[in-house]
2 protein chains.
Amino acid sequence: MKASQFLISTLKEAPADAEVVSHQLMTRAGMVKKLSAGIYTYMPMGLRVIRKVEAIVREEMNRAGAIEMTMPVVQPAELWQETGRFEKMGPELLRIQDRHERNFVVQPTSEEVVTDIARQELRSYKQLPKNFYQIQTKFRDERRPRFGLMRGREFTMKDAYSFDRDQPSAKLSYQVMAQAYRRIFDRFGLRYRAVAADSGAIGGDLSEEFQVIAATGEDAIVYCPDSEYAANMEKAEALAPTQPRAPATQAMAKTPTPGKATCADVAELLGVPLATTVKSLVLATETIGADGATVARVWLLLLRGDHDMNEVKVGKLAGMEQGFRFATLAEIDAHFGCPPGYLGPVGLRQPVTIVADREVAVLHDWICGANAPDFHMTGVNWGRDLPEPDLVADLRNVVAGDPSPDGKGVLAIERGIEVGHVFYLGTKYSRAMNASFLAEDGKPQFLEMGCYGIGITRLPAAAIEQNHDARGIIWPDAIAPFTVAVCPISPDRSPAVKEAAEALYQELLAAGVDVILDDRGERPGAMFADWELIGVPHRVVIGDKALKDGQVEYQHRRDAAATRVASAEIGAFVKSRLSPAAA
Amino acid sequence: MKASQFLISTLKEAPADAEVVSHQLMTRAGMVKKLSAGIYTYMPMGLRVIRKVEAIVREEMNRAGAIEMTMPVVQPAELWQETGRFEKMGPELLRIQDRHERNFVVQPTSEEVVTDIARQELRSYKQLPKNFYQIQTKFRDERRPRFGLMRGREFTMKDAYSFDRDQPSAKLSYQVMAQAYRRIFDRFGLRYRAVAADSGAIGGDLSEEFQVIAATGEDAIVYCPDSEYAANMEKAEALAPTQPRAPATQAMAKTPTPGKATCADVAELLGVPLATTVKSLVLATETIGADGATVARVWLLLLRGDHDMNEVKVGKLAGMEQGFRFATLAEIDAHFGCPPGYLGPVGLRQPVTIVADREVAVLHDWICGANAPDFHMTGVNWGRDLPEPDLVADLRNVVAGDPSPDGKGVLAIERGIEVGHVFYLGTKYSRAMNASFLAEDGKPQFLEMGCYGIGITRLPAAAIEQNHDARGIIWPDAIAPFTVAVCPISPDRSPAVKEAAEALYQELLAAGVDVILDDRGERPGAMFADWELIGVPHRVVIGDKALKDGQVEYQHRRDAAATRVASAEIGAFVKSRLSPAAA
């Protein structure tokens, strides 16, 4: 491609609403253009990146035996009503009425449509397994779209759905996809982790997220530097402490802590470690009684002051599976006789279910609210000052330094951006939509399903969050809009420069290299700034003076300075620097 | 591809709602699956065809210097209000409200968005010309979607938009696209015509339709077998007759024609050629008078009984440019004193503007309604029985045998399916949206635009309408889902057959041929029926008996019978039969 025949549209300043670096740089580099909140045109420079991402995904999906189709963007509401998601999804689901006032949605994902296809097409066990995928426009009407392509409303997703005859086969299909995803992410040339994720009520370990590592990532990734262990924060288990509870050394005392309503404030006031304080979280669950009335049950969760509650883990407690909420002020008053900030498990007005985090269960001489404003209890000890907890469980997020659940070291935490997800669905959708096949014994069975997503348009944003500097983007070769930029200096004043640039351009083109020749006639400073902002990984500068010495300059986007290379060898030199195309 | 790893899903019967052969065959061949009226999933077999169409279009658009981008499917109403199309487009435009009750549309086309991009990006004449295109999902909420992909609601279109500094440059951009379209349609391997189309009020000849020839096409295409002339019916000019009007030989007479309200009935009753009768069409135009009231003007159009009115031509008459309607019964009564069926230009109650078609103007001794129920005037002659017409113009559709407008023979008519359109837009959109650039003289000027569409998902349907037989589809090589089907007979009973099939499959794959090996284990009859229905152009059958004689069978989908070929040479033989890939 010659730059004069392309659209290069760089900006000095990022728009005011671009909060994250990938949004700023994609806008400044002319890769996307905002049309409306969360809705972007993929400009020519950005579309080249997206197309390379798509091509890698498509190749590896095909290699893994998945079959491509394209499901409609506009889908009838009836299918979404079969699974109940037409109501359940809320305002994120963009709804439409057509001219005949029939309800439709703009697809946010395609479980319903693909299951509808499967129940028509996959009638016999002989046709299984099958995996159907598409790379298609999606829409989620986010309440607060932001971060450019990171959390847009309209986006492109690769979504795949596997159909199997039984669980063992479904788990195999899942593994095939998990392996394909590793190949895909390897080929992108990004640092990433495949982390175990929570698989909901289904159980098992058949859910993994593919997280691109980036300091700015929204997700915390837990991993063990000494082993293969990696999980997202929701999933990572905090093992039970191995040391036993130490005996009491203090007497329990009601201690004044005026205005100190947080564990941190109390620890500071009393001059004790935060880890000796216990925070009280009051939750409620609701059930429908025999008389049809709603019955609320109140729970007191106890966590160490330096730990955070993990909602997914709490949601798995027996009795919590149907969901929970924070207790109301009225419920708190009825059970504790005290407003929040000074709550604790000692001296309750009415009994509650007390669940202690594993770390809290082994504390001695601990501190908690006294159920009286401006007072905390100190020197609290299980058994002596209050009964043992009703339940001891893992309620908290792990922290760096916690032992790894696989017993092979301690955990570290880094940030990531979720770009892929593989998930074993079981029969959730096939059951809801009556998608069955005839098994070998001639009896109908529900299809076992898995679903597998990759955020095609989010991937470039994640790549930039991971790979940029003050001057702009630094693309890995595999997904760069162009791999090599050839930059002649003032070619109009030097036929030799013009000729050498054109010759190198043609040589690289002929070798299948995705090269752009900057023939715009820009001044060197502006030209270099453009390519550094756009992030083309390899650059060759051809200037009159060096060329007279038989030399040109090569610089990788990560190099601090240029390397002089004999002009006769520059083509071979550049080719030797390219990442081998993994295919 | 091996068939066992693909989804082959053929049906014996077409669905009841499939009215046209392409819809029937695409459904039966498992290429599309209906999700809702006019909304289809592109199934794996169909998607392969669509992808090949896309690839050809993309290659040729890039070659012609157009730059690909992707504009959003969901677009804000504000832009559509700028051009007035949000209101004007009516219920075909699918409207949405998002969660904040802001108005959006699902794009039916993208003039507004691309013009919005151009007014931000193209600020100087130095950046021109530019041509931006996308291959993207569109939606038109057709009142009566039908014919499968031929007139769907959701579809894929390639839409391109050129931006130029002045008319000469815009016309050059138009010609570049018109040439690219010829290359694209040549590569599809279909019989087509590029026909001149009406370019609306803009004038000039800068509008062409690309019509795939098919007996079932909705459009009439006019062409001259002895020259390059081709136009659509709206555009094709009926030349003025060269012979002068003959003198009158009959006296005018009021002749009873009871119950004969059509020209055909009158001609039959009187035993005269239909071409001697004249039909009267009464139209009205409206203007706003000085007092603000609407003033209607009534027109009488006269055409020969054997000719049809051409609305586009009528709409170009001076005074008709703002639109016209058929006159009301009250207006007809006021001017003619007679109900429709017996109207004519002789003996009017109030004067009307009389426009005679060129053929009517040279008639003598003609027949028309007498403005009295159940009576016609015969022997009517211009000048003698009524004044010469106010205007003589080309009002009619041409018919086969009319002289070609280029003077090089006579016209023929065939049917076509419009799949592409190139159109010079001028400044219609840039003016409405204030999209200007700084010209060389430093002054702002509106961008000159052109737009260029190809119906990507309609093309396969048009290809089938042109190429099918009783057994199914016959794809041209370039867009076939697979180019070659290798069909081993009972490979499980003959290792030699299995091996030969696998070897041929691998040989063709290695040569870059898009081959499918049918390893499903189907019986020969079912297997052959599938590939004939699906329309794979080249088939090789490998059977045990022939193979023992060192032979296999080759058959092109259009061949009446198979050809025996030495099994050692079959690879080379097949390759020699493939259409050279035009690239």
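**Figure 1. Strand β10 of chain A between two partners.** Strands β9 (residues 192-196) and β10 of chain A run antiparallel and are joined by 5 bridges. The model is predicted. One of the pairs puts A:A196 opposite A:E208 of β10(A). β10(A) also pairs with strand β21 (residues 412-426) of chain A, in the antiparallel sense and over 7 bridges. Here A:E208 has A:V422 of β21(A) as its bridge partner.

**Figure 2. Burial along β10(A).** How many of the residues of strand β10 (residues 207-213) of chain A are buried? The count is 7 of the 7, so the strand is largely enclosed by the rest of the structure. In a regular strand, side chains alternate between the two faces of the sheet. Both faces of β10(A) are covered. On one side, A:S207, A:E209, A:Q211 and A:I213 are buried. On the other side, A:E208, A:F210 and A:V212 are buried.

**Figure 3. A:F185 in the largest nonpolar core.** This core has 218 residues. Which residues have the most contacts inside it? They are A:F185 and B:F185. Neighbours within four places in sequence are left aside in the contacts that follow. A:F185 touches A:F210 and A:V212, both buried residues of β10(A). A:F185 is also in contact with A:L190, A:Y192, A:V419, A:G420, A:I454 and A:L459.

**Figure 4. The sheet around β14 and β15 of chain A.** An open sheet of 5 strands has the order β16-β14-β15-β17-β20 (chain A). Its pairing is mixed. Strands β16 (325-326) and β20 (391-393) of chain A stand at the edges, each with a single partner strand, so one side of each has no neighbour in the sheet. Inside the sheet, β14 (residues 278-288) and β15 (residues 294-304) of chain A run antiparallel and are joined by 11 bridges. A:K279 stands opposite A:L303 in β15(A). Helix α9 (residues 329-336) of chain A packs on the sheet and touches β14, β15 and β16 of chain A. The direction of α9 makes about 75° with that of β15(A).

**Figure 5. The sheet around β27 of chain A.** Another open sheet of 5 strands follows the order β28-β27-β29-β30-β31 (chain A), again with mixed pairing. The edge strands are β28 (515-517) and β31 (563-566) of chain A, and each pairs on one side only. Neighbouring strands are turned by 25° against each other on average, direction ignored. Strand β27 (residues 484-488) of chain A runs parallel to β28(A), with 3 bridges between them. A:V484 stands opposite A:V515 in β28(A). Helix α16 (residues 570-577) of chain A packs on this sheet. It touches β27, β29 (538-542), β30 (551-556) and β31 of chain A. The direction of α16 makes about 10° with that of β30(A).

**Figure 6. The buried side of helix α7 in chain B.** Which residues of helix α7 (residues 263-270) of chain B are buried? B:C263, B:V266 and B:A267 are. They cover an arc of only 100° around the axis, which puts them on the same side of α7(B). The buried residues of α7(B) pack against β14 (278-288), β18 (366-369) and β19 (375-380) of chain B. Just after the helix, B:G271 takes a positive phi of about 65°.

**Figure 7. A:A253 and its surroundings.** A:A253 lies in strand β13 (residues 253-256) of chain A. Is A:A253 buried or partly exposed? Its relative accessibility is 31%, so it counts as partly exposed. Leaving aside neighbours within four places in sequence, A:A253 is in contact with A:H376, A:M377 and A:T378. A:A526 lies 273 residues from A:A253 along the chain, and their C-alpha atoms are separated by 71 Å.

**Figure 8. The axis relating chains A and B.** A rotation of 180°, with 0.1 Å of shift along its axis, superposes chain A on chain B (RMSD 0.2 Å). That is the relation of a two-fold axis. In chain A, the C-alpha nearest the axis belongs to A:I96, 2.8 Å from it. Of the interface residues of chain A, 100% are also interface residues in chain B, so the copies meet through the same surface.

**Figure 9. Chain A as a whole.** Chain A has 16 helices and 31 strands. Along its principal axes, the C-alpha trace spans about 90 × 70 × 50 Å. Buried residues make up 56% of the 583 residues in chain A. Among contacts in chain A between residues at least 6 apart in sequence, 70% join residues at least 24 apart.

Note on methods: Residues are numbered from 1 along each chain as its sequence is written. Chains are lettered from A and ligands numbered from 1 in the order in which they are written. This is a predicted model: local features need pLDDT of at least 70, side-chain atom pairs count only at pLDDT 80 or more; totals for chains, interfaces and linings use all residues. Side-chain values use heavy atoms; hydrogens and water are left out. Copies are superposed by least squares on the C-alpha atoms of residues with pLDDT of at least 70 in both. Contact means heavy atoms within 4.5 Å. Two strands pair if DSSP finds at least two bridges between them. Helices (H or I, at least four residues) and strands (E, at least two) are DSSP runs, numbered from the N terminus. Axes are lines fitted to C-alpha atoms, for helices over the stretch in contact, and angles run from 0 to 180 degrees between N-to-C directions. A nonpolar core is a set of buried Ala, Val, Leu, Ile, Met, Phe, Trp, Tyr and Cys residues joined through side-chain atoms within 4.5 Å. Buried means under 20% relative accessible area, exposed over 50%, partly exposed in between (1.4 Å probe, protein chains only). The arc is that of the directions from the helix axis to the C-beta atoms.
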